[in-house]
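The following paragraphs lead the reader through the strands and helices of one protein model. The account begins with a helix and the sheet beneath it.

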Amino acid sequence: MNKSTIGLADIFSARKRIAGQIESTALVQSPSLSQSCGNDVFLKLEHRQITGSFKLRGASNAIAMLDRQKAENGVVAASTGNHGRALAYAAKQAGVASTICMSRLVPSNKVEEIRKLGAEIRIVGDSQDDAQVEVERLVAEEGMTMLPPFDHAAIIAGQGTLGLEIIEALPDVATVLVPVSGGGLAAGVAAAVKGISASTKVIGISMERGAAMSASLAAQKPVQVREEVSLADSLGGGIGLDNRFTFSMCQDLLDEVILLSEAEIAEGIRHIYAQEREIVEGAAAVGVAALLAGKIHSNGPVVSILSGRNIDMALHRRVINGENPFAGDEVA
Ligand SMILES: *Cc1c(COP(=O)(O)O)cnc(C)c1O
C-alpha cells in the first residue's frame, strides 16, 4: 500500500519508539500574552529539546525504524541546520553511523558543532546542491540511508509526538500555532491534534520572504520560490517539487497559513526574550510574533510552539538591541 498520510496510530507508535530518547517539553502559560490577546496563551518550550529543536523527534523515530541491515550502512543527509544536528545526535545514541555532507561555504563553527554531536562530515563542492549529489552517491554506492528533513513518513510521525503532548496537556486548546517550512512539523502536529480534537484549529506561520509551502498551497501544487535571507532562517528552502507527504497533509489539515514581515519576527524574538525570558531563533518566534501583530483570532486557548533555539548569539543581541540584524557577517 502506498500510504501518503500519517495518522494517530503512526504517531502513538513513534512516541513509544522514541520514549527515553527525547524530552517531553513543558507547556507554560504566558501571562503577558494571555492578557494582551484576551485568550489564555501557552508556550510549548520545545526549544529546550535536546540539540535545541524538535527535529530530534523525527530523526530519532526514523533511525529507530531502520531495519538492522540498513542501519549498519549508516544514515546520511545534507542539512547543516537543526536536522543535521538532530540526525547526528540521534544516530550516535542509537549506535548508527551518520554522515552529513556540506559545501565548502558552510561556516566552520557550524561544521564543528555537527561533528561534535557525532557525525562524520564530508565537505564537497560550493553549494547545497553539490552536497546533495554526494548524499545520493553515498546512498547508491555505500548503501547509506538518506533521511530527509521533512518529507518522510517516520520523520512526520516523530514530529507529531509534539502535537500529542500539546493536546494531552491542554485538551481544550482552540488554536495551535506552528512554524512552517517543509511542513513536517505542521503535518505531524496537525495530524496528532486533529486526530484527537477535530475542532482545534492548526495555523501555519512562515515569513513573507520565501515561504515555499504558502506559495504551494496557493498554487495547489508544489512550487519553487526564490530563497531570501530571513531572521527565520530555519524556515527557508523549498518543499520539493516531488513532495510526497507534507504538501497534501498541510493542504488537508492546516486551517490557514499566515505570513510575517522581518520586523514582526524581530518583535517576536524580543518579546520572548524580554517578557518570557527565553532565547529562541527566528523560526521559533513566529507564533508569538503573529499574536503580537494581531493576526490570530481564536475563540479559546492558544498554544504557540517555540520550535528551536539555535540562533547566532551576536545576531540575537542585535535583534534585542533593535539594530539592523543583518549588519554583521551572517549574510554572504
Ligand atoms: C525545521 C524547523 C522548522 C520547520 O519545520 P518543517 O518541518 O520544515 O516545516 C521550524 N522551526 C525550527 C526551529 C526548525 O528547525
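Helix α9 lies across β7, β8 (201-207) and β10, running at about 165° to β7. Contact here means heavy atoms within 4.5 Å. Axes are lines fitted to C-alpha atoms, for helices over the stretch in contact, and angles run from 0 to 180 degrees between N-to-C directions. Helices (H or I, at least four residues) and strands (E, at least two) are DSSP runs, numbered from the N terminus. The model is predicted: local features need pLDDT of at least 70, side-chain atom pairs count only at pLDDT 80 or more, and totals for chains, interfaces and linings use all residues. Residues are numbered from 1 along each chain as its sequence is written, and side-chain values use heavy atoms, with hydrogens and water left out.

The three strands crossed by α9 belong to an open sheet of six strands, ordered β1-β2-β10-β7-β8-β9, with mixed pairing. Two strands pair if DSSP finds at least two bridges between them. At the edges stand β1 (27-29) and β9 (256-260); each has a single partner strand, so one side of each is left without a neighbour in the sheet. From one strand to the next, the twist averages 25°.

Within this sheet, strand β10 (residues 302-305) is covered on both faces: Val-302 and Ser-304 on one side, and Val-303 and Ile-305 on the other, are all buried (under 20% relative accessible area, 1.4 Å probe, protein chains only). Strand β2 (residues 41-44) pairs with β10 in the parallel sense over four bridges, and Phe-42 stands opposite Val-303. Strand β7 (residues 175-179) also pairs with β10 in the parallel sense, over three bridges; there Thr-175 has Val-302 as its bridge partner. By contrast, β1 and β2 pair in the antiparallel sense over three bridges, with Leu-27 partnered by Lys-44 of β2.

Helix α9 (residues 184-196) also packs against helix α1 (residues 8-18), at an angle of about 110° and with the axes 9 Å apart. That makes α1 roughly perpendicular to α9 (65 to 115 degrees). Leu-8, Ile-11 and Phe-12 of α1 make the contact with Gly-188, Ala-191, Ala-192, Gly-195 and Ile-196 of α9.

A further open sheet has four strands in the order β5-β4-β3-β6, with parallel pairing. Three bridges join β3 (residues 75-77) to β4 (residues 98-102), and Ala-77 has Ile-100 of β4 as its bridge partner. Helix α7 (residues 128-142) lies across β3, β4, β5 and β6, running at about 150° to β4.

How values were computed. Angles under 35 degrees count as roughly parallel, over 145 as roughly antiparallel, 65 to 115 as roughly perpendicular and the rest as oblique. Buried means under 20% relative accessible area, exposed over 50%, partly exposed in between (1.4 Å probe, protein chains only).
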